[in-house]
Amino acid sequence: VRSGRLARNGYFCTRMSTPFLDTARRVIRTEAEALVQLADSLDDRFRQAIDMLVATRGRVIVTGIGKSGHIAKKIAATLASTGTPAQFVHPAEASHGDLGMITSDDVVLAISNSGEAPELANLISYSRRFSIPLIGITSRAESSLGTQCDVILQLPQLSEACGTGVVPSTSTTMTLAMGDAVAIALMENRAFTAEHFREFHPGGKLGARLNRVADLMHTGDALPLVQADAPMSEALMALSSKSFGVVIVADADGTLQGIITSGDLGRHLDGLLSKTARDVMTSNPVTIAPNALAEKAVGIMNGRKITCLVVVEPDGNNKPTGLLHIHDCLRIGLG
């Protein structure tokens, strides 16, 4: 019985793998070809929609029902995370009070492949009554949604990838791509940078990649810093008490002179305590600016096979303001 169950679950169904793969490849190729046709179909209406969205003083209200609703939520999230204030409003809830979320300063982006979703009717009427700009994403320009829109972003009328025409697949893929195209066009129009993106994405792997050196570096009293003419006994004390495995060496006015590592200690063991920090240090250590991305710092440390970078301001003074250790980067998921 167990073997039969495993077989039914696919563990021993090697003979069935080819039809499954054929189906998967057919679906993906169908949707890929649809995206090419979508790209080729774009016209001046896309520019009109972007101009309308750029000019809005409020938010982009994204709405849709069913599978279009799920895509609408993703589009709203992408817009919001790339500098365009946006919010998903469920069309059914809009008919029961949530229309109050929409103001005359907003733009409505309504999604319906057929353009005939009855749940959108009240929201469309509301936008027309109060002269709220309405952009529609639909495959049918002659539909209720298409005829009421100020601008229509029309999808090519293509077969769904399921082959039966009942499973939203090709249409939802095109809709998602259209939403991404709108979001990124707006992002580029606003000169939205990685630094702006980081403000909306402080968490996860993406947030880690966008951290600056200044966000992670050690400063002030935490720095293992000694003057160049300091005796090595003082440098050894800084080395052991700060626990970075390095000591930063500067001259009397704070200008970076070098760095002392365990390797430097090994090379100067003979009479070590009779020497000064300057005698033992390695001159011209690798440095990085505080506004550099932490990901870049990790690349430098990995490439040079070192564990620390001295942080200096990019003003030419070459004065150490911080120290970045590889462990600081590993702690947030970089490395």
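**Strands 7 and 8.** I began with how strand 7 and strand 8 pair, and found an antiparallel match over 5 bridges. I keep in mind that this is a predicted model. For one pair in register, I noted Val247 opposite Ile260 in strand 8.

**The hairpin.** Next I looked at the link between strand 7 and strand 8, a hairpin with 5 residues between the strands. Gly254 caught my eye there, as it takes a positive phi near 90 degrees.

**Strand 9.** How many bridges join strand 8 to strand 9? I found 2 bridges, and the pairing is in the antiparallel sense. I then looked up the residues: Gly258 has Ser283 in strand 9 as its bridge partner, and Ile259 stands opposite Thr282.

**The whole sheet.** Stepping back, I wrote down the order 6-7-8-9 for the 4 strands, which form an open sheet. The pairing across this sheet is mixed. Why do strand 6 and strand 9 each have one side without a neighbour in the sheet? Both stand at the edges with a single partner strand each, so one side is left without a neighbour; strand 6 covers 225-227 and strand 9 covers 282-283.

**Helix 12.** Last, I checked what helix 12, residues 232-242, lies across. I listed strand 6, strand 7 and strand 8, and the helix runs at about 135 degrees to strand 7. For my own bookkeeping, strand 7 is 246-250 and strand 8 is residues 256-261.

Key. Residues are numbered from 1 along each chain as its sequence is written. This is a predicted model: local features need pLDDT of at least 70, side-chain atom pairs count only at pLDDT 80 or more; totals for chains, interfaces and linings use all residues. Side-chain values use heavy atoms; hydrogens and water are left out. Two strands pair if DSSP finds at least two bridges between them. Contact means heavy atoms within 4.5 Å. Axes are lines fitted to C-alpha atoms, for helices over the stretch in contact, and angles run from 0 to 180 degrees between N-to-C directions.
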